[in-house]
Amino acid sequence: MENANNARLIRKKSSWRKQLIHLIPIPAVAIYSIFVVYPILAAFTYSLFEWNGMTMGEFNNFDNFITLFTKEPFNTMFWNALGHNIYYFVVEMVVQNGIAFGLAYIIFKKIKGTGFLKVAYFLPRLLSIIVVGFLWKMILNPNMGILNVFLEKVGLGSYALAWLGNPDTALTAVVLINSWFAIGFFMLLFLAGLQSISSEVLEAAKLDGAVGFRLVRSVILPMMFQPLVIVVVMTFIQAFEAFELVFAMQGSMGEPYYSTDLLAVFFYRTAFGGNAGDSGALGIGSALAVVMFVIIATISALFMSYVNKKDSA
Amino acid sequence: MNFKLLKRGILYTIAFVYAVISLFPMFLMIISSFKPNIEIFTKPLSFPLKWTVISYETLFVKLNYAKYIGNSVYVSIVTLAILLIISVMISYYLARFNFKWNGLLFFYFLIGMMLPIKLGLVPLFLLIKDLGLVDSLWSIILIHVGTGLPMAILILTGFFRTLPKELEEAGRIDGASNMGLLLKILVPLMRPALGTVLIINFIGVWNEFFFPMIFIQNEALKTIPLGMMQLFGEFTTDWSVLFAGLTLSSLPMILIFAFASRQFMDGLTSGAVK
């Protein structure tokens, strides 16, 4: 009798101890839920309320969204910034990813010194984006920056412009600097894609007479479909979340004259008050965050589902 | 044959030219930091006539650079330590046990890779304020641990699954507990995956600017990227000091990269491709 009781006790104790295993994931779940998931979900709620400074007021339906899309200066700023984000994405797709693919292809061709080249291309990616911004701001300084000094010296003085101070060139300059920063990373993604193509397929294509540009277009790119979509999605997210570079180089107003303003910069300014004398509008800021979230999530999901469809087809 | 040679030549030229474009700004940054200010403008392209570290002295004497570095080191170490410990724990749980909610839990973390956390800034700000963590380095640490978790879990669970179960069964027969198994047998085998997680997050946390800018106002708590904002606000004309500040803040990353460039490149891309 006593023996049986003891046995039950032991079993009970050990099964209780077994439950301790469920404590293992708790720290990760807690920190992730509190500091990542909650803020994003709460932004949706916040966008539906009135805000007085930092205190939440009454539920006001979609008023914040209506203000964002109908009242000056918010509506003008929104479309202005959205246009810049799209431009950012397009230029990165063409310039950054074009160069990155070209370099990956050269390295894939196994020329000498690929180890050094990879390191050289990748190195800028290690800098803080703030360092990148400040460094290029000095290089592009209209009077003392090395670019214009160089242009003067080689007799192209008429091209020595204030690249960042001119509304026509500032945004392009910023996007190109971001490309300089990111090319090495995307080059590695392309390279991984190229290396995943089996060499037999390439040999067979070459025997069939596909060389050079045709080989790239009709054999290599289709075989890299999945890595390509990953690149597109990452470029898209990078372009629609871009903030730091503009903030460091052109300030929270996207100078000159909002010509480098981006959605994230506009969001920061709206929520935390970058406009002179403006204390920030948390409600409208949250509404803007929700709109950005929807844009990013929908388009990324579209790209991804396109891959899945193509894969299962 | 000649055509082929020409083609090779063109490829080499492109590869080389872009390497120069890629490296030159950093080269400029480093050599300029060792020049007196005037020489940056009179001889921008040449090596310093006489190498000087006076600008670096200025950083430490007139600015709080030692403090900034200390804060960045502290934040990096604490963040990486917490992140590694808790992500190894949960990944072990997810990869080695078959509780019915494990799939869902894994998915819950996976979405985090797609979530643009910056968009939760307003609620996050109020949360950090309510927790009394404004002007505390713990604000940055906790946020970075949270945002680093999805990728870390993805990499580590993937790696756990590649380790044969027999390893643990052998250990179990020898009477080791779960914790003992994890620490003595699995973790040492996971060094490559742990290295990847470490590197990805070290780059992120060392260079992080956005959240420190929002949450840290106290001069004594600023990290290096914030210190740089300070520097560029105060020393607008002394370019030598500015270049020294940029160089110094990038140096740790460049030095580590010099020793582990493969791990860096594989680490960052493996995170993206998976």
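In the predicted model, Leu151(A) belongs to helix H7 of chain A, which covers residues 146-153. The residue is partly exposed, because 16 other C-beta atoms are found within 10 Å, a number between the limit of 12 for exposed residues and that of 20 for buried ones. When neighbours within four places in sequence are left aside, Leu151(A) is in contact with Leu156(A), Gly157(A), Tyr159(A) and Ala160(A). Leu161(A) follows 10 residues away along the chain, and its C-alpha atom is separated from that of Leu151(A) by 9.7 Å.

Chain A also contains cis peptide bonds. One joins Glu72(A) to Pro73(A), with an omega of about -5°. Pro73(A) is placed in the loop between helix H3 (63-70) and helix H4 (74-108) of chain A. Another cis bond runs from Glu255(A) to Pro256(A), and its omega is near -5°. Pro256(A) is located in the loop between helix H12 (244-250) and helix H13 (263-272) of chain A.

The loop between H12 and H13 of chain A also holds Tyr257(A) and Tyr258(A). Tyr257(A) is not a glycine, yet has a positive phi of about 50°. Tyr258(A), likewise not a glycine, has a positive phi of about 60°. As to burial, Tyr257(A) counts as exposed because it has 11 C-beta neighbours inside 10 Å. Tyr258(A), in contrast, has 20 other C-beta atoms within 10 Å and is therefore buried.

Chain B consists of 13 helices and 0 strands. Its radius of gyration is 24 Å, whereas a compact globule of 274 residues would have a value near 19 Å. The C-alpha trace of chain B spans about 75 × 70 × 35 Å along its principal axes. Buried residues make up 41% of the 274 residues in chain B. Of the contacts in chain B between residues at least 6 apart in sequence, 77% join residues at least 24 apart.

The interface between the chains brings 64 residues of chain B into contact with 63 residues of chain A. Several helices of chain B each supply at least two residues to the side that touches chain A, among them H1 (2-33), H4 (65-96), H7 (137-162) and H13 (239-273). H13(B) gives the largest share of this side, with 14 residues. By class, the residues on the side of chain B that touches chain A are 51 nonpolar, 12 polar and 1 charged.

One helix pair across the interface is formed by H2(A), residues 26-46, and H7(B), whose axes come within 8 Å and cross at roughly 105°. This angle falls in the range of 65 to 115 degrees, and H2(A) and H7(B) are therefore roughly perpendicular to each other. On the side of H2(A), the residues that meet H7(B) are Ala28(A), Ile31(A), Tyr32(A), Phe35(A) and Val36(A). Their counterparts in H7(B) are Leu142(B), Ile143(B), Val145(B), Gly146(B), Thr147(B) and Leu149(B). The contact of H2(A) with H7(B) comprises 9 nonpolar and 2 polar residues, with no charged residues.

For the complex, the predictor gives an ipTM of 0.89 and a pTM of 0.89. Chain B has a mean pLDDT of 87, with 97% of its residues at 70 or more. Among the elements of chain B, the highest mean pLDDT, 93, belongs to H4(B), and the lowest, 74, to helix H8 (residues 166-173) of chain B. Where pLDDT is low, predicted coordinates should not be read in detail.

How values were computed: Residues are numbered from 1 along each chain as its sequence is written. Chains are lettered from A and ligands numbered from 1 in the order in which they are written. This is a predicted model: local features need pLDDT of at least 70, side-chain atom pairs count only at pLDDT 80 or more; totals for chains, interfaces and linings use all residues. Two residues are in contact if their C-beta atoms, placed from the backbone, lie within 7 Å. Helices (H or I, at least four residues) and strands (E, at least two) are DSSP runs, numbered from the N terminus. Ala, Val, Leu, Ile, Met, Phe, Trp, Tyr, Cys and Pro count as nonpolar, Asp, Glu, Lys and Arg as charged, and the others, Gly among them, as polar. The radius of gyration is taken over C-alpha atoms; the globule rule is 2.2 Å times the number of residues to the power 0.38. Axes are lines fitted to C-alpha atoms, for helices over the stretch in contact, and angles run from 0 to 180 degrees between N-to-C directions. Angles under 35 degrees count as roughly parallel, over 145 as roughly antiparallel, 65 to 115 as roughly perpendicular and the rest as oblique. pLDDT is the predictor's confidence in each residue, from 0 to 100.
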